[in-house]
Amino acid sequence: MKPYLALLSARFRQGLQYRAAAWAGAATQVCFGLFIISALEAFAAARPGAAGPFSRVASYVWLGQALFRLLPWNPDPELRDVVRLGDVGLQLAKPLDLYGAWFAKALGYRLSAATLRALPCLLASAVLLPLVGLGGIALGPPDSVLSALAFAAALPGAVLLSAAITTLYPILYFRSVSASGAMTIAAAAASLCGGILAPLPLLPPWMGDALALTPFAFVTDAPFRIWTGMVPPSDILRVLAMQAPWLAACVALGRAWLGRRLVGVEIAGG
């Protein structure tokens, strides 16, 4: 276990080095949050009461912007290059389980990326907006103490599930140099199903209910609904009960898929 924790720690600390880019990204997320909320005000007016008071929708959007990098919409660049450049051969020579090493690195990557952007975005949306007279669209506190506890309980499963999905992406590069098409589809699916493009409670019920069953929704959408009070804290049991099988399925798929790709793999170079 220690080698994998060391890989996680090293990847997390490596990700924390890009502070300037993270602050710029956080500023971008704040601008996107304001734009999305402005557009959703008209959208919510067409379906009044769909997600409760609009302040809940605004909080949902701000949580999505703050934790945007937690959503598994892209591969870990380091793992992607390991396959593209043939360095996977060196990793296979190490006495470590390759999938376990990749999972640990993906977990460190997601945690560092989300940590750097979350704090400035949360401060801007929860503190700065009320100071400039925009308290009606600011990030509000959890709906209750139980909602806060339930949100905290859902986060570990969300992070692990995000890492498991992220670990799937580098495997695509065994068959394609760029895999740009697959990554474009993955980014669109993650943003839509995770509620980043639009809160799922505002979508038509037949669409929102279907998307809420996808693994991406249990990374972001489900915890956000608990924070905002769109669902009661007691739903944490249902959220955890859905996160666990999705996590197990993604890990099993990743292990089987990686093992199959490594059979007969050829590495060019010299």
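Q: How is the lining of the largest cavity read by class, and how many of its residues are nonpolar, polar or charged?
A: Ala, Val, Leu, Ile, Met, Phe, Trp, Tyr, Cys and Pro are taken as nonpolar, Asp, Glu, Lys and Arg as charged, and the others, Gly among them, as polar. In this structure the lining of the largest cavity comprises seven nonpolar and three polar residues, with no charged residue. This is a predicted model, in which local features need pLDDT of at least 70 and side-chain atom pairs count only at pLDDT 80 or more, whereas totals for chains, interfaces and linings use all residues. Residues are numbered from 1 along each chain as its sequence is written, and side-chain values use heavy atoms, with hydrogens and water left out.

Q: Which residues line the largest cavity, and how much space lies in it?
A: A cavity is a set of points, on a 1 Å grid over the protein atoms alone, where a 1.4 Å probe fits but cannot get out, and its lining residues have an atom within 4 Å of a point. Points are joined across faces, edges and corners, and the volume is the space filled by probe spheres set on them. One cavity of 30 Å³ or more is counted here, and the largest cavity holds about 40 Å³ of space. Its lining is formed by Tyr60, Val61, Gly64 and Gln65, by the run Gly195, Ile196, Leu197, Ala198 and Pro199, and by Phe224. Helix H3 (residues 54-66) gives the most to this lining, with four residues; helices, like strands, are DSSP runs numbered from the N terminus (H or I, at least four residues, for helices; E, at least two, for strands).

Q: Is Ser59 of H3 buried or exposed, and what does it touch?
A: Buried stands for under 20% relative accessible area, exposed for over 50%, and partly exposed for values in between (1.4 Å probe, protein chains only). Ser59, found in helix H3, is buried, with a relative accessible area of 6%. Contact means heavy atoms within 4.5 Å, and, not counting residues up to four places away in sequence, Ser59 touches Ala138, Leu139, Gly140 and Thr228. Ser59 and Leu139 are 80 residues apart in sequence, yet their C-alpha atoms are 4.4 Å apart in space.

Q: What span does H6 reach, and where is its kink centred?
A: The expected span of a helix is 1.5 Å times one less than its number of residues, while the bend at a residue is the angle between axes fitted to the seven residues ending there and the seven starting there. H6 has 34 residues and reaches 50 Å from its first C-alpha to its last, close to the 50 Å expected, although a kink of about 30° is centred on Ala124. Because 24 of its 34 residues are buried, H6 is largely enclosed by the rest of the structure. Gly133, which follows H6, has a positive phi near 85°.

Q: Which residues does Ala101 of H6 touch, and with which is Phe12 in contact?
A: Ala101 is buried at 8% relative accessible area and touches Tyr4 and Leu7, residues up to four places away in sequence being left out. Phe12 lies in helix H1 (residues 2-15) and is partly exposed at 24% relative accessibility. Beyond its neighbours within four places in sequence, Phe12 is in contact with Gly108, Leu111, Ser112 and Thr115, and its C-alpha is separated by 8.1 Å from that of Leu107, 95 residues apart along the chain. Leu96, in the loop between helix H5 (88-92) and H6, is partly exposed at 30%, and its contacts, with neighbours within four places set aside, are Pro3, Tyr4 and Leu7.

Q: Against which helices do the buried residues of H11 pack, and where does the kink in H7 lie?
A: H11 (residues 236-262) has 27 residues and reaches 38 Å, close to the 39 Å expected. Its residues Ile236, Val239, Gln243, Cys250, Gly254 and Leu258 are buried, and the buried residues of H11 pack against H6 (98-131), H7 (145-168) and H10 (221-228). H7 has 24 residues and spans 36 Å, close to the 34 Å expected, with a kink of about 25° at Leu155, shortly before the proline Pro156.

Notes:
1 Å grid on protein atoms, 1.4 Å probe; cavity = no way out; pocket = protein on both sides within 12 Å on 5 of 7 lines; lining within 4 Å.
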